[in-house]
Structures are given as C-alpha cells and as structure tokens.
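Me: Please walk me through this structure, feature by feature. Give the general idea each time, then the case at hand.

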Amino acid sequence: MRADLQNSVDKIEKSLDLLRQRLDWETAPYRLEEFNARVEDPNLWNDPDAAQKLMRERQMLVDAMETYTSIKQELADNLELIELGEMEDDAEVVTEAEAALKKLEQKAGVKELEALLDGEADGNDTFLEINAGAGGTESCDWANMLARMYVRWAEKKGYKVELQSESAGEEVGIKSASYKITGPNAYGWLKSESGVHRLVRISPYDSAAKRHTSFSSVWVYPVVDDNIEIEVNPSDIRIDTYRSSGAGGQHVNTTDSAVRITHHPTGIVVTSSEKSQHQNRDIAMKALKSRLYQMELDRRNADINAAHEAKGDAGWGNQIRSYVLQPYQMVKDLRTQHETSDTKGVLDGDLDPFMAATLALNVSGKSRADAQRD
C-alpha cells in the first residue's frame, strides 16, 4: 500500500479508536437497552422536560453508535476492494476505493472532533478572560495580542463576540479584558485555552532590540443556561459601582455604571462595564454563576484538570503554550507537544489544531483515570 494511503488508513483508525473510547463501546449496547426500556414507560411523558431530555440522550447514543459502526464498515469494505482490485489487476476499482478512503478520512476527522465536544457544558456559550502577567508593558501588549487572536478565531467560527469589560495598560495594550463568546460549542472549543501563555520576541519597545519574555493568563468558563441552577446567597456578595477605565471607543463607556461583584466565600471578582448599570448587574451576576459552575466542573474532574488545566500564576513554570517569534518562529503547546512554525497564522486565530490536540489528550486522560479507578 502506498505511503499516503497508509497514512489515511492510520488516521481513520485513530479516529475510530477515539470514537470508541468516547462512546465507551463495551457498555454502549447495554446503555441503549436501558434507554429503550425507559422510553417504553407509559408514565414517561408525565414530565415532558425529563422525557425530552431522555429522548435526546438516547438519540445521541444511537447516532454515535451508528457513526462508529458505519466508519468501521466503510474502512473494511474499501480495503477489501483495494485488495481485490489489485489481485484482479483492476485499476479502476482500486482508484475508486482509494478516493473513497480519502473521503472517509475527512468524515472520520469531523466525527472525531464532534465526539470531543460532548461534555456537560461543551455546547454552552462561554466567557473568556485575559490578564497580563509578569512582564509589565510587554505583557500588556501581549495580552492585547491574545485578545485579538481569540476574537479572530471566534469570528472565523461565525461566533458573536461581546466585550464585557476592559482595563487599559498604562502605556500600551490591556491589563485585562473579559469577553462573552456566543456560538455552538463555544465553551467546548475554548476550554482547552485556560492557562498561561508565554511570548518570546524582540521587543518593539526596547531601543536595544533585546529579546523579551512576556506572560499573560487566559481563563475560560461556560455561560450557565436555564438548565443549570446555581444558587448565590446575597449575604455572600458585595456589589460596587465605579467609573470604567477602559480604552474608550464604542466598547467601553465612561460613566459610573460599571459594576463589580465580589463573592466572599471564594474570592471571585467579576466586572461588567459595557452597558447600563442594571444590565451590568445582570451580566456580572451571570458571570459569577458561571465562575462558580466552572469551579464545580473542575472539582468533578480534578484528576484530569489538575494536570491539564491548572494555570497558576502568570509567569515562569506555569505556561501551557509558548509563542516564539525570535530567534525562530514556533508555537508549541507544552501539554500535547503539538507545534507549528506558522506563528502568523496562529496569532491570526488558527487555533483549531491546538484545541483538538488538547481535547484528544483529555479524552485519553479520562480513559486512563477510569482504568485506574477500575
């Protein structure tokens, strides 16, 4: 078999392996039997919301099982056709089967990515926070570059981006910024970006043209929807209003309508300075609930998140990804070892390969953790 065709087969088998892990194939038939038994319960529709949820979960399982089975069968069928065509010296059959394998590789890749985004809150919209870390002016500029990178990424996805709050740097860039990003699987994609991001470059602000290292942190957490109930005790929070201090322009106002909410038990502080005081209160409260929900998700998945998502201080030793612009061009994720020399593309929002690699790593991490528990 030609090297390029073998590469396609290897990729399809890799996708099948991930789909099998994500589906937990050994238990899937038993789970479907359980769903079917519950669907036949005559009292099911006494609670329409619960019934609809059950039907959606059952259909998701059915679709996932059919996807895995069909890809596996298509792979076997086309490999058999290639073998028969070669035995009978039928070049047309071989060519058609090889073309079908190339299409199957693309299909399997798409299904693999979709399978990675089936977590509890993956389908939700998301909040994205960026904070400049160690490095002063350099880090404020780096934080601004990261903000641009994520906005570009979201725009390419067709997502809606809303600036919630922004604090300008003393000389350039931003000290911090918070965005709400709305679109299918926004949280599922962006959750892998939480952590410290490190930049190495020759500083445009250094007359001696020396290399500088800068750090900024990114934090991603899901927007809680009506299906997720988070209770906040009014006595646990303090609400302050203040004059916003952003960079101005259409995104940030200059009235006293900005709102800051401090949650005393956790120390969480959220702000909104984009709209009226009433709207900012509502936005900030939703952001607080989302942060509390993210803490609960982290608690449930501590065995994985401790290794892959804990970001620590924005400085040396805590980075998840390095962006090197000098003396060579490279972006490398330190969790997955995925890297590219296309630094311009990455900073222009080409982040999907990095996100997919981390999502795949988390899947294998869950599999290892499940095996250890068993």
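**Reading the model**

Reply: Start with one residue. Leaving out residues up to four places away in sequence, Arg281 touches Ile239, Val259 and Ile261. Contact here means heavy atoms within 4.5 Å. This is a predicted model, in which local features need pLDDT of at least 70 and side-chain atom pairs count only at pLDDT 80 or more, while totals for chains, interfaces and linings use all residues. Residues are numbered from 1 along each chain as its sequence is written, and side-chain values use heavy atoms, without hydrogens and water.

Me: Where does Arg281 lie, and is Arg281 buried or exposed?

Reply: Helices (DSSP runs of H or I, at least four residues) and strands (E, at least two) are numbered from the N terminus. Arg281 is in helix 7, residues 277-300. For accessibility, buried means under 20% relative accessible area, exposed over 50%, and partly exposed in between, with a 1.4 Å probe and protein chains only. Arg281 has 37% relative accessibility, so Arg281 counts as partly exposed. Its C-alpha is 9.6 Å from that of Asp240, and the two are 41 residues apart in sequence.

Me: How many helices and strands does the protein have?

Reply: There are 10 helices and 11 strands. Of the 374 residues, 43% count as buried. Take contacts between residues at least 6 apart in sequence: 64% of them join residues at least 24 apart. The protein exposes about 19,600 Å², and carbon and sulfur atoms supply 48% of that area. Such areas come from the Shrake-Rupley method with a 1.4 Å probe; for residues, only the protein chains shown count as cover.

Me: How do I check the span of helix 3?

Reply: The expected span is 1.5 Å times one less than the number of residues. Helix 3 has 40 residues, so it should span 58 Å; its end C-alpha atoms are 58 Å apart, which agrees. Helix 5 (residues 137-157) has 21 residues and reaches 31 Å, close to the expected 30 Å. Look just past each end. Asp89 follows helix 3 with a positive phi near 55°. Gly158, just after helix 5, has a positive phi of about 80°.

Me: What do the buried residues of helix 3 pack against?

Reply: They pack against helix 1 (3-23), helix 2 and helix 4 (91-116). Among these buried residues are Leu54, Leu61, Val62, Met65 and Ile71. In helix 5, the buried residues include Trp142, Leu146, Tyr150 and Trp153.

Me: How is a helix pair described?

Reply: Two packed helices are described by the angle between their axes and the distance between the axes. Axes are lines fitted to C-alpha atoms, for helices over the stretch in contact; angles run from 0 to 180 degrees between N-to-C directions. Helix 2 (residues 28-39) and helix 3 (residues 48-87) have axes that come within 10 Å and cross at roughly 145°. Residues meeting there include Leu32 and Phe35 in helix 2, and Leu61 and Met65 in helix 3.

Me: Which residues does Thr343 contact?

Reply: Set aside neighbours within four places in sequence. Thr343 then contacts Val324, Leu325, Gln329, Met330 and Val331. Thr343 is found in helix 9, residues 343-347. At 5% relative accessibility, Thr343 counts as buried. Its partner Met330 lies in strand 10, residues 330-333. Met330 has 17% relative accessibility and therefore counts as buried. From Met330 to Val346 is 9.8 Å, C-alpha to C-alpha, across 16 residues of sequence.
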